[in-house]
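Subject: the structure, plus notes

Hi,

Here is the structure I said I would pass on. Have a look at it first, and then read my notes below.

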Amino acid sequence: MDHTEALRMQAVEKYILGELSPFYRAQFEEHYFDCADCALNLRAGVAFAAASRLYFVESAVPGKVARAPRAGWFNWLKPLVAVPAFAALIAVVAYQNTVSIPRLQRAAGTQSAAASVAPWFSLVNASVHGSSGTHVEIQLGQPFYLFFDITAAPRQADSVFLLQVQDSTGKTLVQSSVSAERAQKSVVLPIPPGFREGDYKLFIFDKVAGTSVPAGELPFTVAFSAQIQQH
């Protein structure tokens with residue numbers, strides 16, 4: 001898949017919404033690691049989808065009265081100022097405000113879409129969120145995605161970064177790997193359903209020549225959302 005085809009088929013939006021077939025998903029993932037534009041749009045789209053989902057869920061809570069915006073859509077984005085991905089979000093608004101955002105907003109604003117699309121959670125700044133890290137709020141039995149950067153420099157050019165998600169007892173629940181070349185871009189790790197509430201850590205190891213050394217760890221906490229489960 002080249003960049004022109006990715007734009008034509010709206011691959012970024014469909015990838016986030018889980019609408020790509022396995023074939024096109026694999027093709028887009030190959031393209032994504034070599035395309036700075038798609039990498040930027042994917043990062044911004046994830047941030048927007050996560051913020052939109054929280055906004056619409058909070059708006060649906062009984063007893064809360066929606067207030068009319070005072071100065072256009074920019075005020076709606078003020079709660080995101082503290083989010084590091086905000087700069088990327090603004091970039092994609094300017095770049096794709098007639099395609100990406102309306103599509104993601106419609107999906108996030110409907111209960112059926114919220115129930116069918118696996119949520120995304122960023123671990124980019126998990127280490128500054130406290131000892132428990134990023135708060136992951138999902139439905140019981142719902143899969144989700146973790147979005148993060150590998151900041152450690154590889155020991156060698158042929159290093160492979162081993163990824164392990166472990167629970168509080170040290171049991172490995174998810175394991176994957178990514179090449180040193182691909183680790184130069186943000187990594188998306190799918191998490192299958194079945195996780196329980198509690199504390200977890202994503203461990204990153206630099207593996208080369210049969211040896212592994214720690215290359216980082218990102219904590220996160222899983223909690224079930226009673227509000228989302230009511231829908």
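A quick definition before anything else: a residue is called buried if its relative accessible area is under 20%, exposed if it is over 50%, and partly exposed in between. Asp-206 comes out at 2%, so it counts as buried. Keep in mind that this is a predicted model.

Salt bridges

I started with Asp-206 because it is buried and also takes part in a salt bridge: its side chain meets that of Arg-155, at 3.7 Å from N to O. Asp-206 sits in strand β7 and Arg-155 in the loop between β3 and β4, so this contact ties together parts that are 51 residues apart in sequence. Arg-155 itself is partly exposed, at 39% relative accessibility.

How many salt bridges does the structure hold? There are two. The other pair is Lys-201 with Glu-217, where the closest N and O atoms are 2.9 Å apart. Here too distant parts of the chain are linked, with Lys-201 in strand β7 and Glu-217 in strand β8, 16 residues apart. Both partners are partly exposed: Lys-201 has a relative accessible area of 32%, and Glu-217 stands at 41%.

The sheet

β7 turns up in both of those bridges, and it also belongs to an open sheet of five strands. The order is β2-β8-β7-β4-β5, with mixed pairing. β2 and β5 are the edge strands, each with a single partner, so one side of each has no neighbour in the sheet. From one strand to the next the twist averages 25 degrees.

β4 is worth clicking through. It runs antiparallel to β7, joined by eight bridges, and it pairs with β5 in the antiparallel sense over seven bridges. Leu-162 shows both sides of this: it stands opposite Phe-205 in β7 and opposite Ser-177 in β5. Further along, Val-165 has Val-174 in β5 as its bridge partner. β4 and β5 form a hairpin with four residues between them, and Gly-170 in the turn has a positive phi of about 90 degrees. Six of the eight residues of β4 are buried, so the strand is largely enclosed by the rest of the structure.

Nonpolar cores

In soluble globular proteins, nonpolar side chains tend to be buried together. In this model, the largest nonpolar core has 26 residues, and those with the most contacts inside it are Phe-144, Phe-148 and Phe-220. Which strands feed it? β2, β3, β4, β5, β6, β7 and β8 each supply at least two residues, and β8 gives the most, with four. Apart from this core lies another one, of 19 residues, including Ala-11, Val-12, Leu-42 and Val-46.

Phe-144 is the residue I would centre the view on. At 1% relative accessibility it counts as buried. Leaving out residues up to four places away in sequence, Phe-144 touches Ala-118, Pro-119, Phe-121, Val-136, Ile-138, Leu-189, Pro-190, Ile-191, Phe-195, Phe-220 and Val-222.

Aromatic pairs

Some of those neighbours come back here, since Phe-121, Phe-144, Phe-195, Tyr-200 and Phe-220 form one aromatic cluster. As for ring pairs, the count comes to six. One of them is Phe-144 with Phe-195, an edge-to-face pair at 5.9 Å centre to centre and 85 degrees between the planes. Phe-144 lies in strand β3 and Phe-195 in the loop between β6 and β7, so this pair ties together parts that are 51 residues apart in sequence. Phe-195 is buried, with a relative accessible area of 7%. The rings of Phe-195 and Tyr-200 have their centres 4.9 Å apart and their planes at 35 degrees, so that pair is tilted. Tyr-200 is buried too, at 7%.

If you only have a few minutes, I would look at Asp-206 with Arg-155, then at β4 between β7 and β5 in the sheet, and then at the cluster that includes Phe-144.

Cheers

Notes:
Residues numbered from 1 in each chain as written. Predicted model: local features only at pLDDT ≥ 70, side-chain atom pairs only at ≥ 80, totals over all residues. Heavy atoms only, no water. Phe/Tyr/Trp six-rings, centres within 6.5 Å; stacked < 30°, edge-to-face > 60°. Buried < 20%, exposed > 50% of the residue type's maximum accessible area, 1.4 Å probe, protein only. Core = buried A, V, L, I, M, F, W, Y, C linked by side-chain atoms within 4.5 Å. Contact = heavy atoms within 4.5 Å. Salt bridge = Lys/Arg side-chain N within 4 Å of Asp/Glu carboxyl O. Pairing = 2+ DSSP bridges. Axes fitted to C-alpha atoms, helices over the stretch in contact; angles between N-to-C directions.
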